[in-house]
Amino acid sequence: MAKRADIEHRVESLVMPIIEEGNFELVDVEYVKEGSNFYLRVFADKEGGINIDDCVLISRALEVKLDEEDFIPDAYILEVSSPGLGRPLKKEKDFKRSIGKDVDIKLFKAVDQQKEFTGVLKDYTADEIVLDIDGEEKRFFRKDLALIRLALNF
(Lines give C-alpha, C1' and ligand atoms only; values in the text may rest on other atoms or scores of the structure.)
Protein backbone atom coordinates (compact mmCIF):
# COMPACT_ATOMS: atom_id res chain seq x y z
CA MET A 1 0.00 0.00 0.00
CA ALA A 2 1.24 3.48 -0.84
CA LYS A 3 2.14 5.69 2.08
CA ARG A 4 -0.32 8.39 3.05
CA ALA A 5 2.27 11.17 2.74
CA ASP A 6 3.28 9.96 -0.73
CA ILE A 7 -0.33 9.95 -1.89
CA GLU A 8 -0.94 13.42 -0.48
CA HIS A 9 2.20 14.78 -2.13
CA ARG A 10 1.34 13.29 -5.51
CA VAL A 11 -2.25 14.56 -5.35
CA GLU A 12 -0.93 18.01 -4.45
CA SER A 13 1.25 18.00 -7.57
CA LEU A 14 -1.76 16.96 -9.70
CA VAL A 15 -4.13 19.55 -8.26
CA MET A 16 -1.74 22.54 -8.26
CA PRO A 17 -2.14 23.37 -11.98
CA ILE A 18 -5.94 23.32 -11.51
CA ILE A 19 -5.63 25.53 -8.43
CA GLU A 20 -3.31 28.01 -10.15
CA GLU A 21 -5.43 28.17 -13.31
CA GLY A 22 -8.53 29.03 -11.27
CA ASN A 23 -6.70 31.56 -9.06
CA PHE A 24 -7.43 29.46 -6.00
CA GLU A 25 -5.24 28.70 -3.02
CA LEU A 26 -4.48 25.13 -2.00
CA VAL A 27 -4.86 24.97 1.77
CA ASP A 28 -4.30 21.26 2.34
CA VAL A 29 -4.57 17.72 0.97
CA GLU A 30 -5.27 14.81 3.26
CA TYR A 31 -5.73 11.10 2.70
CA VAL A 32 -7.32 9.42 5.71
CA LYS A 33 -9.20 6.31 6.68
CA GLU A 34 -12.33 6.88 8.71
CA GLY A 35 -14.21 3.75 9.66
CA SER A 36 -14.11 1.47 6.65
CA ASN A 37 -13.76 4.28 4.09
CA PHE A 38 -10.75 6.13 2.73
CA TYR A 39 -11.17 9.85 2.02
CA LEU A 40 -9.06 12.02 -0.24
CA ARG A 41 -9.77 15.58 0.83
CA VAL A 42 -8.64 18.70 -0.96
CA PHE A 43 -9.16 21.99 0.85
CA ALA A 44 -9.08 25.10 -1.34
CA ASP A 45 -9.85 28.76 -0.87
CA LYS A 46 -9.80 32.02 -2.77
CA GLU A 47 -10.09 35.72 -2.07
CA GLY A 48 -13.66 36.33 -0.94
CA GLY A 49 -14.23 32.63 -0.23
CA ILE A 50 -14.67 29.52 -2.31
CA ASN A 51 -18.14 28.40 -3.40
CA ILE A 52 -19.75 25.11 -4.45
CA ASP A 53 -19.19 25.78 -8.17
CA ASP A 54 -15.47 26.28 -7.53
CA CYS A 55 -15.33 22.99 -5.62
CA VAL A 56 -17.13 21.15 -8.43
CA LEU A 57 -14.73 22.61 -11.00
CA ILE A 58 -11.67 21.48 -9.01
CA SER A 59 -13.20 18.09 -8.24
CA ARG A 60 -14.08 17.25 -11.85
CA ALA A 61 -10.70 18.32 -13.20
CA LEU A 62 -8.87 16.42 -10.46
CA GLU A 63 -10.99 13.27 -10.98
CA VAL A 64 -9.81 13.11 -14.60
CA LYS A 65 -6.15 13.36 -13.56
CA LEU A 66 -6.57 10.81 -10.76
CA ASP A 67 -8.23 8.35 -13.14
CA GLU A 68 -5.40 8.80 -15.66
CA GLU A 69 -2.66 8.30 -13.05
CA ASP A 70 -4.52 5.61 -11.04
CA PHE A 71 -1.87 5.41 -8.29
CA ILE A 72 -4.13 5.12 -5.22
CA PRO A 73 -4.60 1.40 -4.51
CA ASP A 74 -7.67 1.73 -2.26
CA ALA A 75 -11.20 2.75 -3.16
CA TYR A 76 -11.69 6.28 -1.80
CA ILE A 77 -14.13 9.15 -1.65
CA LEU A 78 -12.89 12.44 -3.14
CA GLU A 79 -14.02 15.57 -1.32
CA VAL A 80 -13.14 19.11 -2.40
CA SER A 81 -14.22 21.82 0.01
CA SER A 82 -13.48 25.03 1.83
CA PRO A 83 -11.14 24.67 4.80
CA GLY A 84 -13.84 26.20 7.00
CA LEU A 85 -13.74 29.08 9.43
CA GLY A 86 -11.82 27.36 12.22
CA ARG A 87 -9.23 25.78 9.99
CA PRO A 88 -5.95 24.58 11.41
CA LEU A 89 -2.79 26.55 10.69
CA LYS A 90 -0.36 24.19 8.99
CA LYS A 91 1.73 25.98 6.42
CA GLU A 92 3.95 29.05 6.56
CA LYS A 93 1.38 31.11 4.65
CA ASP A 94 -1.32 30.17 7.20
CA PHE A 95 0.80 31.52 10.07
CA LYS A 96 1.82 34.63 8.14
CA ARG A 97 -1.80 35.45 7.27
CA SER A 98 -2.89 34.92 10.88
CA ILE A 99 -0.49 37.33 12.59
CA GLY A 100 -2.60 39.69 14.71
CA LYS A 101 -5.61 37.36 14.73
CA ASP A 102 -7.10 35.33 17.56
CA VAL A 103 -6.06 31.69 17.55
CA ASP A 104 -6.93 28.68 19.69
CA ILE A 105 -4.23 26.19 20.60
CA LYS A 106 -4.44 22.76 22.16
CA LEU A 107 -1.37 21.21 23.74
CA PHE A 108 -0.40 17.58 24.10
CA LYS A 109 0.55 18.20 27.74
CA ALA A 110 -0.76 20.80 30.17
CA VAL A 111 1.17 24.00 30.85
CA ASP A 112 0.18 25.82 34.06
CA GLN A 113 -2.46 23.10 34.50
CA GLN A 114 -4.05 24.07 31.19
CA LYS A 115 -4.10 22.36 27.76
CA GLU A 116 -6.07 24.97 25.80
CA PHE A 117 -5.28 28.65 25.25
CA THR A 118 -6.72 31.46 23.14
CA GLY A 119 -4.74 34.56 22.27
CA VAL A 120 -3.55 36.85 19.52
CA LEU A 121 -0.82 35.33 17.35
CA LYS A 122 2.05 37.81 17.70
CA ASP A 123 4.92 35.90 16.11
CA TYR A 124 6.11 32.46 15.03
CA THR A 125 9.24 30.61 14.03
CA ALA A 126 9.85 27.07 12.88
CA ASP A 127 10.19 26.09 16.55
CA GLU A 128 7.71 28.22 18.49
CA ILE A 129 4.73 30.53 18.46
CA VAL A 130 4.13 33.63 20.53
CA LEU A 131 0.65 34.54 21.74
CA ASP A 132 -0.61 37.64 23.49
CA ILE A 133 -2.99 36.31 26.12
CA ASP A 134 -4.73 39.12 27.98
CA GLY A 135 -1.73 41.42 27.54
CA GLU A 136 0.83 38.81 28.57
CA GLU A 137 3.23 37.33 26.01
CA LYS A 138 3.35 33.55 26.16
CA ARG A 139 5.61 31.25 24.12
CA PHE A 140 4.81 27.69 23.09
CA PHE A 141 6.99 25.16 21.30
CA ARG A 142 5.37 24.04 18.06
CA LYS A 143 6.29 20.42 18.80
CA ASP A 144 4.01 20.66 21.87
CA LEU A 145 0.97 21.81 19.86
CA ALA A 146 -1.69 19.22 19.13
CA LEU A 147 -3.64 21.88 17.19
CA ILE A 148 -3.52 25.55 16.31
CA ARG A 149 -6.37 27.19 14.45
CA LEU A 150 -8.13 30.48 13.95
CA ALA A 151 -10.47 31.20 16.84
CA LEU A 152 -14.16 31.39 16.14
CA ASN A 153 -15.40 34.61 17.71
CA PHE A 154 -19.13 35.17 17.51
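In this predicted model, the contact between the first two helices draws on Arg10, Val11, Leu14, Val15, Pro17, Ile18 and Ile19 from helix 1. Facing them from helix 2 are Ile58, Ala61, Leu62, Lys65, Leu66 and Glu69. Sorted by type, the residues of this contact come out as ten nonpolar, three charged and no polar. As for geometry, two packed helices are described by the angle between their axes and by how far apart those axes are. Here helix 1, spanning residues 4–21, and helix 2, spanning residues 52–69, pack at an angle of about 135°, and their axes are 10 Å apart. That angle is why helix 1 counts as oblique to helix 2. The crossing of the two helices is right-handed.

Both of these helices also sit against strands. Helix 1 lies across strand 1 and strand 2, and its direction makes an angle of about 145° with strand 1. Helix 2, for its part, lies across strand 2 and strand 3, running at about 145° to strand 3. Strands 1, 2 and 3 make up an open sheet in the order 1-2-3, and the pairing is mixed. The edges are taken by strand 1 (25–34) and strand 3 (76–81); each has a single partner strand, so one side of each has no neighbour in the sheet. Neighbouring strands of this sheet are turned by 15° against each other on average, ignoring direction. Strand 2, residues 37–45, runs parallel to strand 3, and six bridges join the two. Within that pairing, tyrosine 39 has isoleucine 77 of strand 3 as its bridge partner.

Now for the other sheet. Strands of a sheet pair through backbone hydrogen bonds, in either a parallel or an antiparallel sense. An open sheet of five strands takes the order 7-6-5-4-8, with antiparallel pairing. Strand 7 (136–141) and strand 8 (145–150) are its edge strands; each pairs with a single partner strand, so one side of each is left without a neighbour in the sheet. From one strand to the next, the twist averages 40°. One of the pairings joins strand 5 (residues 114–124) to strand 6 (residues 128–133), antiparallel and over four bridges. Here valine 120 finds its bridge partner in strand 6, namely aspartate 132.

Stepping back to the whole chain, there are three helices and eight strands. Along the sequence these follow the pattern α-β-β-α-β-α-β-β-β-β-β. Taken along the principal axes, the C-alpha atoms fill a box of roughly 55 × 35 × 25 Å.

That leaves the charged side chains. Side chains of opposite charge can pair when their charged atoms come close. With a cut-off of 4 Å between a side-chain nitrogen of Lys or Arg and a carboxyl oxygen of Asp or Glu, the count comes to 14 salt bridges. One of them links arginine 4 to glutamate 8, with the closest N and O atoms 3.0 Å apart. Both residues belong to helix 1, where arginine 4 and glutamate 8 are four residues apart, about one turn of the helix.

Conventions
Residues numbered from 1 in each chain as written. Predicted model: local features only at pLDDT ≥ 70, side-chain atom pairs only at ≥ 80, totals over all residues. Heavy atoms only, no water. Axes fitted to C-alpha atoms, helices over the stretch in contact; angles between N-to-C directions. Parallel < 35°, antiparallel > 145°, perpendicular 65-115°, else oblique. Left-handed = near helix turned anticlockwise from the far one by under 90°. Contact = heavy atoms within 4.5 Å. Nonpolar A, V, L, I, M, F, W, Y, C, P; charged D, E, K, R; others polar. Pairing = 2+ DSSP bridges.
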